[in-house]
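The exercises below are meant to be worked through with the sequence and the model side by side. Try each task before reading its solution.

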Amino acid sequence: MLSIKKKYIIASFTLLFLSIVFNFFSIKNILYGVYRWHFVQPETIQGGLELIVLLFCMIVFNTVVNLERKVALGVNILLIIVYLKLHQVLLPVLTVYLYIEIIFFIGKTLLIKLNQYKEKCLFSIINSFMVGFSIWSICALLLSILGQGTFWDLRILTLVLLSISIIFNRQFSLVSYELFVKFHSASNFLKIGSLFIWILVLIQFAKSNSALDYDSIWYGLRPEQVLIGQNSFFDSLGLSMYVHYYPKLFELFLAPISNLGDHSFIYAGTTIFLFLLYLLIYLFFKTVNLSENKSILYTGLLASIPAICNMASTAKTDIFTTFFIVLVGYYLFLWIHKKSGLYFILSLCAAFISFGGKLTSYLYVPLLYIGFLIAIICFKKMNKHLLIDLVSVKKHKMGSILLIVSILVWLLVCYRTLKLTGYPIYPVAGSLWGMMGFDLKYPFITDMELLSTKLSFFDMVLHWTNIIFNPAQYTHYIMVWPSNLYVFLFLATVIVIVLFKNHIKSEALFLFISLIPIMLSVIYYVSTIPEGGDGNYFIGPIILCSIVFLNTIDPIFGKIRIFQIALILFLIVQTSLMFVSHFSWSWGTAVFNADLTKTDFESVIRKETLFKQEGLWEIEQYIKEGKNYNCLGFGKEQTLNELSCRFEDVPHINSRYGNFEIIKTKENFLKYVKWANVKYFIMPYDNVSGEYKEVMKVIKNYELDPDTTIIKDKMFYLIDISNVAEYKEYNKFVNVESMEYLEGWYEPENNNARWMSKHSKLKLESGEKGRITIEGQVPEVYSTIDIIISINNNIIDTRRLESGDFNIKVDSLPINQDVEVNITLSDSFVPKDLNINADERELGIYVTNISVE
C-alpha cells in the first residue's frame, strides 16, 4: 500500500505530465499547425498588444492604485468606452447594455415585491434575469400572436414593462453597479481574475465588428428578412430551409435591438449572454463550497475555451442555450444541496426556457434530470426528504407562477413552429409527429438527414486520438475548438476516485454520477458525428462536467502548486487559440487605429464595398427601392444572403437543409415559386450546373416575359417578375445558363458572351422544334473562316463565315433531348502573337448567344 504522501506525489506529477503532453500537442498541431499564419497577422499582434495594455491599466487602477469607488468606476468606464469606440461597437454595446439592465430591473422589481431579492447577491441577480426574461418573453409572444410583434412593437413593449416596473419600484438601480461594488471590495486576486474574464468579453465585442460567419449571415443577422414579417414572427415568410423553423425565442428576445443598421447590435446581445454565463459558472463554483480565488481561477479556465468564448461573436443560439442548460444544472444542485423544492421548480423554469434555443437542449436537459434521478436512487438515504417539499405548492408560490409562465413561453414558441410547418418541433422527430396525427405542411420534408458514421475499433481509437491531440483535420471541430481540458479533468477525476476515494465528499460523488448520462451522450456523438461535429455542440455538457470534475478534484489537489501550474498551462494555450480562431475563420480583433471618430455603423460601409466588389451594387440599390420580396438565385450564397431581400439559394434548397423535390421538375419549382411568393431571381452570368435545368427552364421563361424587368450588374443580373400576372411558356428558350460548357470555352464576359477556341464542346437540352441558333462575331483577323457543327458526333451543318456578325440557325436537332454539340473552326489566333494585346489564349470566334427552340 502506498502512503498518502506518495500518492499525492505520484498523482501530482502524473497530472503535470499529462497537462504538458496535452498542451504540447495543442500548440504543435493546432496553434502552430493550423493557426501559425493567423498568429502573426497584424490583427492578432496589434490587437493582442492593445488588450495587454488595457488589462495592465485596469489591473493597476484597480489593485495597485487605491482609488475611491466612484473614481475607480469612472476610470474603468472610460477605459472600456475608449476600447469599444476604437473597435466601432460603442453604440451597439451601450444599447444592449441598457436593454439587459431593463430586463434585470423588470425581474428585480417582481422579486422585491415577493421579498425574494437580496442586494449585491449573485444568486438574486441571476434569478432576476430569469424572471425578467420570462415576463418579457410571455408578453412579447402574446403580442406577436395578436399580430403586434414588429421590431417597434417589441421596443415599445420593453419601455412599457420598464415604466410599469418603475411605478412599483421607484428605486431604480443598475445590476452592473451592484456587481462593481462587489468587485471593488474583493481581494486583488479576485479582481485580477475578474478583469481577465472581462477582457475575454471585450475581445468578443471587438470581434463582433469583423467576424462574420456563414450561419450568422444565413439566419441570425437578418431577422428583418427571415424572422419577423409584416406583423410578427408568427408570419409565414415563404422560406423552405429548416433552420428558419428552429425554436426562435432567443432571436425574438434580440428583436428590440435588431434591425438597427449594424450587425454588432445582435452580436453584442449574444456577448452579454456570455458574460451572464461566466457569472453563473463563478456562482456555481462558489455554491459547491469552493473559495472565491479558486472559483475565479476555474471560471477563467472554462471562460478561455475557444468554443465557449468565440461563440459569443456569432448570432447563433449556443451561448443562450448553454446559459439556461447550466442554470438547470445549478438549480438541480441547489435542490440537492439545500433540500428545497423551490429550486427543483426553478430548474423546470430554466429547462422550458432552454427549449426555446438550440435543439440540443432537448437532448441535454432530459439527460440532466435522468442523471439526477439515478444519483438520487444511488444516494436514497441522503436524499429521502427531497420530494416531500415539492408537494406544498403554496410554499413555492413564486416558483409555481414562474413555472406556468415558462411553460406558456415554450408552448407559444412551439406553436409558431406548428403554425408554420405543421409540427410543434421541427425538423427533429418528424416520424413521431406524423404518428401522433400532425400533418406536415408544404414544402417541408418529414425527417432531416442525420449525419453519422460507423467506425471500426481501430478507427475509433484513432478518431479519439485525433480529437484529443490532433483535430487539425476536423475543420468544423477545430474552428470552434472545445479544448481537450475536459478529457484531462476526467482523467484527473478518475485518478482521484481510484487513489483518494475515502477523501471524496458524498455530494461531489453524487454530482459525478448525476452527469454520467450527459458524459455518455458527448462520447457517443463525438464518436458518431463525422469529424466530431461542430465543437460548439458540446459546450453545455463540457461546462457542467468540468465544474463537477473540478469540484471532485479540488479538495485533493486544489492547494497543490503543481496542479495549479497544470491548469494554468491550459488557460494560456486556450486563450491564445481563442484569440486567433473563430467560427468565421477570422483572427485577432483589428489593426490598431487611434481614430475615435469612426462610425459605429460599419456594416453599411462594409456591405457597400462588398456589393461593389461582387458586382451586386446596382441590384442592391434596386432591391432597396422596392418591397421586401422573396428572392431565389445562384451564386456566392454568403454574399447574396446580405442583400436587402429574403434570399434563398437554390443549391442550398437542394440539400439536407431544404427539400430536393422542389427542383426535380418544372411543375414542382413553379409550385414553390408561387407558394413562397418569389418575385426576384438573382442570376450569375457564369454557367449554372445542368443539375438545375428544370429550374432554369422556369427562370428563362420568366426572363422572356415582356412584363419582366431585368436589372443588369457587373457579375449578376436580377429578374423582377413582380409585374408578371401569370407564368407563360415561350417557344424560344434561351438556354445559356443551363448549358454545360465541356471543352474549348472561356469564361463569360459582357452579357454572358464568351470566346471559344478552335475546337469546342457543349451539352444542352433541345426544344420542341429541334432548332439551335448560334449568334456571334467573327474577328477582323479573318477574312473568312469555316465552321463545322456536329450533334452527337454527326455533322449537321458546315458553312463559311465572313468577318463581322453572324447568325446560324440549324433545324436538325432531336426534339426535347439532351444533346452534345461540337463546333470546329478552320483557324484560330493568339492576340499576343499578332501584337493585338497581351492575351495568350487561343481564340476562335466570339459567341454572344445560343438559343434553342
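**Exercise 1. Strand partners in an open sheet**

Which residue of S5 does Pro684 stand opposite? Then place the two strands in their sheet.

*Solution.* The model in view is a predicted one. Step one is to look across from Pro684, where the residue standing opposite in S5 is Phe716. Step two is to widen the view to the whole pairing: strand S3 (residues 678-684) and strand S5 (residues 716-720) run antiparallel and are joined by five bridges. Step three sets this pair into an open sheet of five strands with mixed pairing, whose order is S2-S1-S3-S5-S4. At the edges of that order stand S2 and strand S4 (709-712), each with a single partner strand, so one side of each has no neighbour in the sheet. On average, and ignoring direction, neighbouring strands of this sheet are turned by 25° against each other. As a last step, find helix H29 (residues 617-625), which lies across S3, S4 and S5 and runs at about 25° to S5.

**Exercise 2. Sorting the cysteines**

How many disulfides does the structure hold, and which cysteines form a disulfide?

*Solution.* The structure holds one disulfide, formed by Cys631 and Cys645, whose sulfur atoms are 2.1 Å apart. Since Cys631 lies in strand S1 (residues 630-633) and Cys645 in the loop between helix H30 (637-640) and strand S2 (646-649), the pair ties together parts that are 14 residues apart in sequence. Both Cys631 and Cys645 are buried. Next, test two other cysteines against the cut-off for a disulfide, which is a pair of sulfur atoms within 2.5 Å. Cys121 is in no disulfide, for the nearest cysteine sulfur, that of Cys349, is 18 Å away. Cys414 is in no disulfide either, and the nearest cysteine sulfur to it, again that of Cys349, is 16 Å away. Cys414 is nevertheless buried, with a relative accessible area of 8%.

**Exercise 3. A strand with two partners**

Which residues are the bridge partners of Ile774 in S12 and in S14?

*Solution.* Begin with strand S9 (residues 772-778), which is mostly covered, as five of its seven residues are buried. Seven bridges join S9 to strand S12 (residues 804-810), and the two run antiparallel; within S12, Ile774 has Ile808 as its bridge partner. Then turn to strand S14 (residues 846-852), which pairs with S9 in the antiparallel sense over six bridges; here the bridge partner of Ile774 is Ile850.

**Exercise 4. Helices and their surroundings**

Against which helices do the buried residues of H8 pack, and where does the kink in H26 lie?

*Solution.* First list the buried residues of helix H8 (residues 175-184), which are Val175, Glu178, Leu179, Phe180, Val181 and Phe183. These residues pack against helices H3 (42-64), H4 (69-86), H5 (90-113), H6 (122-145), H9 (188-207) and H13 (264-287). Just as useful is the loop between helix H7 (151-168) and H8, where Asn169 has its place. Asn169 is buried, with a relative accessible area of 8%, and, leaving aside neighbours within four places in sequence, is in contact with Phe105, Thr109 and Ile112.

For the second part, follow helix H26 (residues 539-557) to Asn551, where a kink of about 25° lies shortly before the proline Pro555. Because 18 of the 19 residues of H26 are buried, this helix is largely enclosed by the rest of the structure.

**Exercise 5. Far in sequence, and how far in space?**

How many residues apart in sequence are Pro42 and Phe592?

*Solution.* Pro42 lies in helix H3 and is partly exposed, with a relative accessible area of 34%. Pro42 and Phe592 are 550 residues apart in sequence, yet 8.4 Å apart in space from C-alpha to C-alpha. Not counting residues up to four places away in sequence, Pro42 touches Gly47, Ala590 and Val591.

**Exercise 6. Reading the confidence**

Which element has the lowest mean pLDDT, and which the highest?

*Solution.* For the protein, the mean pLDDT is 90, and 96% of the residues reach 70 or more. Among its elements, strand S6 (residues 733-734) has the lowest mean, 44, and helix H12 (residues 249-253) the highest, 97. Over residues 731-737 pLDDT stays under 50, although the model has 36 contacts beyond four places in sequence for them. Where pLDDT is low, the predicted coordinates should not be read in detail.

Technical notes:
Residues numbered from 1 in each chain as written. Predicted model: local features only at pLDDT ≥ 70, side-chain atom pairs only at ≥ 80, totals over all residues. Heavy atoms only, no water. Helix = DSSP H or I, 4+ residues; strand = E, 2+ residues; numbered from the N terminus. Buried < 20%, exposed > 50% of the residue type's maximum accessible area, 1.4 Å probe, protein only. Contact = heavy atoms within 4.5 Å. Pairing = 2+ DSSP bridges. Axes fitted to C-alpha atoms, helices over the stretch in contact; angles between N-to-C directions. pLDDT = per-residue confidence, 0-100. Bend = angle between axes of the 7 residues up to and from the residue.
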